[in-house]
Amino acid sequence: MHQDITPLYAADIEDQLKKQFAYLSGGRGQDGCPVITFPDYPAFSEIPEKEFQNVLTYLTSIPSLQDTGIGFILVIDRRQDKWTSVKASVLRIAASFPGNLQLVLVLRPTGFLQRTLSDIAFKFNRDEFKMKVPIIMLSSVPELQSYIDKTQLTEDLGGTLDYCHSKWLSHRTAIESFALMVKQTAQMLQSFGTELAETELPNDVQSTNSILSAHTEKKGKMKEDMMLALKEGHTILESIREPLAKNPEYNLNQDQLDNQTTVQRLLDHLGETEAAFDEFWAKHQQKLEQCLQLRNFEQNFREVKAILDVVSERLSAFTDVGNSYAHVEHMLKDLTSFEEKSNEAVEKARALSLEGNQLIQSKHYAVDSISPKCNELQHLCDEFTAEMSKRRNLLHQSLELHCLLEKSMKWCDEGIYLLASQPVDRCQSQDGAESALQEIEKFLDTGAKNKIQELNKVYKEYEPILNPDLKEHVQKVFQKQESMEEMFQKRQVSLKKLAAKQTRPVQPVAPRPEAFTKSPCTSPGLRRGSENSSESNMPRRGNYRRAKSEMSDIQQGRSGSMMDDEENLAILRRHVMNELIETERAYVEELLCVLEGYAAEMDNPLMMHLISPALQNKKDVLFGNMEEIYHFHNRIFLRELENYIDYPELVGRCFLERMEDFQIYEKYCQNKPRSESLWRQCSDCVFFQECQKKLDHKLSLDSYLLKPVQRITKYQLLLKEMLKYSKNCEGAEDLQEALTSILGILKAVNDSMHLIAITGYDGNLNELGKLLMQGSFSVWTDHKKGHAKVKDLARFKPMQRHLFLHEKAVLFCKKREENGEGYEKAPSYSYKQSLNMTAVGITENVKGDVKKFEIWYNAREEVYIIQAPTPEIKATWVNEIRKVLTSQLQACREASQHRALEQTQSLPLPTSSNTSPSKNQTKNIKKLEERKTDPAGLEGYVSSASVPKNPDKSKDDTVTSSTSEGSALSKKRFTLQGFANLKSQKGWTKNSYSLDASEDNDGWSSTEEPLNSSDAEEEGGAGPRKLVPGKYTVVADHDEKGGPESLAVKSGDIVELLQEGEEGFWFVKNLTTSKEGWVPASNLLALISNSKSAQSLSSSESGTGSTFLSSSSSCSESCNATFSDIKG
């Protein structure tokens, strides 16, 4: 028999099985042989061979191997059929049956004829069946029951076996489907387990997460399939046991029992497979989770270690121990802030180390990898904490040392003030000297807790923080302390001498006995006279000695007084120098604080989210060139100032050597309006608030942005103070020149602020030469040509114009006030027109108004009538324009006539050398001036009304000195462009130089170069100050100690000159108190007008004694942001 090796399933031949031409009822023979029943099926012969063979093969495959080994019993029911059909059926079955046969039982046809034919035919055709088993022909059902028990036969065969073919078919399909499901599930689990076992653990968190997620998802699907299979199996089992559930006495047939066993076996197998898989999955999942924990730990370790490396590197940068108490305090705040930020990283590292130890305790598979990392983290944290503690202790030590140093310096300053404040005249008396001694002794008693006791002890105690700079600072403070104590000792000695009794007692002298015994005998009268003479001579000699001693004491007292005065001046100079250096250090620290706390934070990625869009990429606008200013002061100027700490009177040289570097302030001030405008837009930005909070500043950023402007004004005040106490010192001239140059910087800054406010000018303003003057005027036009147009006719209503006088042109601008605050409120100037100075002429006087003058252009084709606010301003402008025109005329004549006037030193341009002209040169210049003032000789440039009575001196724009040529060269070298020609004048006031002068009608500004007076010029520029009648303003206080007729005046008093005296003293009347007396002429400043913008005659003497005419550049009290108003 041919058998198909491919197993058949009920689902595959379900339609064939439904025909029920053969079925396995579940009955068994006496030996337990399975019974296959072939019921009466009329179309049996029509069944295709393939279907027939499939059904038989399937039915024979269902019983167990043990049962099929015994063989099958076939029951062929042909009771309703014909013999021919029986024969064919038996032959077909015999030919196609795939299994072993135990017995074939055939129920033959029940008809008489057919039964007879079957008996006869069966006997004669037995060999045709060719079966190895006997074929028994049965005539009835009872005969069948003798071979197979009634309980094993179905009801159609007279038995009691309960059989439903459709239910059987349903059970077989479900069982086979369940078996297949169990098999597939087992295969999938085995395949998945193999995949899990072969999975390599990834090296990063993301991959580990991905694998763990993928495997968990797959495992979930597997579990779902298992649950479905188990549910299916239990459903089939319940279906098989359904009859028992309905009737507990019901007996399942063998096939049902086999089905039940099969399903139960599959369920058990599935359960075992699930348990094994769960156990394997738990291990795999644990390994993956541990791998994920390891990768997370490793990633966090790398991140934390990188952060710790960064904070450790930053901590290592905290090597500075500070240069002052405030600096160290600031550094401590920075260190504390840094520690607070770093603590987060340290805590994270410690938490990660703890997490690693927990992994180790949970028996992680990678203990060998985790343990070293935990140890390293713990080591880094401990090392960082120890270093942080060390740095904090060092800074606290530095703070303590600087506190000691500052207390010592403060004590020294207080001592210096005490010495300086003790009046010399009061100390001349015994009581005054004793009182001064008590003050000194009381003050010295306070030194125990304020001064440095032992220098070596300080070195030893603070050795860890003593770098060379700090050690040098300690030495200087100690030297200052010793010097101060030495001064106190000297003062004590002087005061003790003065405190001694001024009169010496007369000691009686007894006569020597030897005089009487050795002298010759004389008369009593003569002896008496001799005795009287001797006695009278002795007191007289004592009186002489006493008088001599008193005279010596008086001379010593005067000498000591002069020495004390000089000592007091030295003390005051040191005090000014200390203030200069201390404020410079504080200034540098403030700049650094702003640059680090604000400017640097604008580039910090962590702070970017706090910066408003309007502030993005605007750091250069907000801070200008503050970084450049900081580097100049920190790296250069502060260090050079410190070199002069012991020679304060020479500090002017330091300023002169670095005067060119101070030009950086011009750039800063020009940017200040833009900076202030940006600040107003963004002042409420969270970024600024956060930075201010970190810095612990009480003031907002705009206050610190004003520091450079305040600082540049502070220098001139300090230089004035230093000059006041250094008049007879070696460096007085350098101090005077440094003061002049600093004031020139302020003026140049002021002028540049006005120049940058000009709008609408197409050319380059720098090509017009130096700005000489500027101011607001009323202007009428009176052009002589082109009267056809109304706009060219003379205007009855004046135009308000702001004029800028340059060396090469004069610009007419319209002043426009801007709305806003601060710098935004400053005016701007709209350019209208300009006149080339080569074609300009002037008429000094206009009929009807002393404040008017004319500027005409191109031989009076265009005439501009200018009305100044005051006659003085008009005179200053006319004088300056005349100087420019005269200089141009001289230059033209030199070029045309090719005359070598180099040796006679011709009239200079606005900048010239610093040497004083000789008398011969003065004469040549005067002759040249006379030619210039000739109306015919000016060739149309200057009208006859503008001829000056006293020609100007050719050196009127330079500072002259009578010391040496080297000094003059030094001055020329350090004179800056734009302000080199400003003079050393004691008449400077706070309002002399403003950063942004008001330009209304009562205020004006200029860069006019001072003119030497004609009186001084006549005498060669080296004479004393001449008497100029009129009223004067007192610029320096003067008390009555100068003499019995000295007049006490205060700065700001108005006096009237009555008489000129000798040695620079004038007899004046104080118009405030109506008192009269003598005052130094150097303390007075000529008051030409009561206008706020007054032209003035300076009372000071230059290096050659010349008097200068100067004009205030901004005398309006309503000016915006003047240096004097915002000085720091």
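Q: Before we get to S1074, what counts as a strand here, and how are strands numbered?
A: A strand is a DSSP run of E with at least two residues, and strands are numbered from the N terminus. The model is a predicted one.

Q: OK, so where does S1074 lie?
A: S1074 is in the loop between β18 and β19, the latter covering 1076-1080.

Q: What is phi doing at S1074?
A: Phi there is near 65 degrees, a positive value, and S1074 is a residue other than glycine. For context, most residues other than glycine have a negative phi.

Q: Is S1074 buried or exposed?
A: S1074 is exposed, because its relative accessible area is 52% and the cut-off for exposed is over 50%.

Q: Which other residue that is not a glycine has a positive phi?
A: Q20 has one, at about 55 degrees. Q20 sits in the loop between α1 (14-18) and β1 (23-28). With 29% relative accessibility, Q20 is classed as partly exposed.

Q: Back to β18. Where is N1070?
A: N1070 belongs to strand β18, which runs over residues 1065-1070.

Q: Buried or exposed, that N1070?
A: Buried: the relative accessible area of N1070 is 0%.

Q: What does the N1070 side chain pair with?
A: The side chain of D1053, through a polar contact of 3.4 Å.

Q: And which residues does N1070 touch?
A: Leaving out residues up to four places away in sequence, N1070 touches L1047, A1048, V1049, D1053, I1054, V1055 and K1075.

Q: Switching to helices. How do α11 and α12 pack?
A: Helix α11 (residues 254-316) and helix α12 (residues 325-361) meet at an angle of about 155 degrees, and their axes are 10 Å apart. That angle makes α11 roughly antiparallel to α12, as angles over 145 degrees count that way. The crossing of α11 and α12 is left-handed.

Q: What residues meet there?
A: On α11 they include F297, F301, V304 and L308, and on α12 they include L335, F338, V346 and L352. By class, the contact of α11 with α12 has 14 nonpolar, 4 polar and 2 charged residues.

Q: What about α26 and α27, how do they pack?
A: Helix α26 (residues 707-724) packs against helix α27 (residues 732-755) at about 155 degrees, with axes 9 Å apart. The two are therefore roughly antiparallel to each other. Their crossing is left-handed.

Q: Which residues make that contact?
A: Among them are I712, Y715, L719 and L723 of α26, and L735, L739, I742 and L746 of α27. The contact of α26 with α27 divides into 13 nonpolar, 3 polar and 1 charged residues.

Key:
Residues are numbered from 1 along each chain as its sequence is written. This is a predicted model: local features need pLDDT of at least 70, side-chain atom pairs count only at pLDDT 80 or more; totals for chains, interfaces and linings use all residues. Side-chain values use heavy atoms; hydrogens and water are left out. Axes are lines fitted to C-alpha atoms, for helices over the stretch in contact, and angles run from 0 to 180 degrees between N-to-C directions. Helices (H or I, at least four residues) and strands (E, at least two) are DSSP runs, numbered from the N terminus. Angles under 35 degrees count as roughly parallel, over 145 as roughly antiparallel, 65 to 115 as roughly perpendicular and the rest as oblique. A crossing is left-handed if the near helix is turned anticlockwise from the far one by less than a right angle, and right-handed if clockwise. Contact means heavy atoms within 4.5 Å. Ala, Val, Leu, Ile, Met, Phe, Trp, Tyr, Cys and Pro count as nonpolar, Asp, Glu, Lys and Arg as charged, and the others, Gly among them, as polar. Buried means under 20% relative accessible area, exposed over 50%, partly exposed in between (1.4 Å probe, protein chains only). A polar contact is a pair of N or O atoms within 3.5 Å; within protein, one must be able to donate a hydrogen and the other to accept it, and residues adjacent in sequence count only if both atoms are side-chain atoms.
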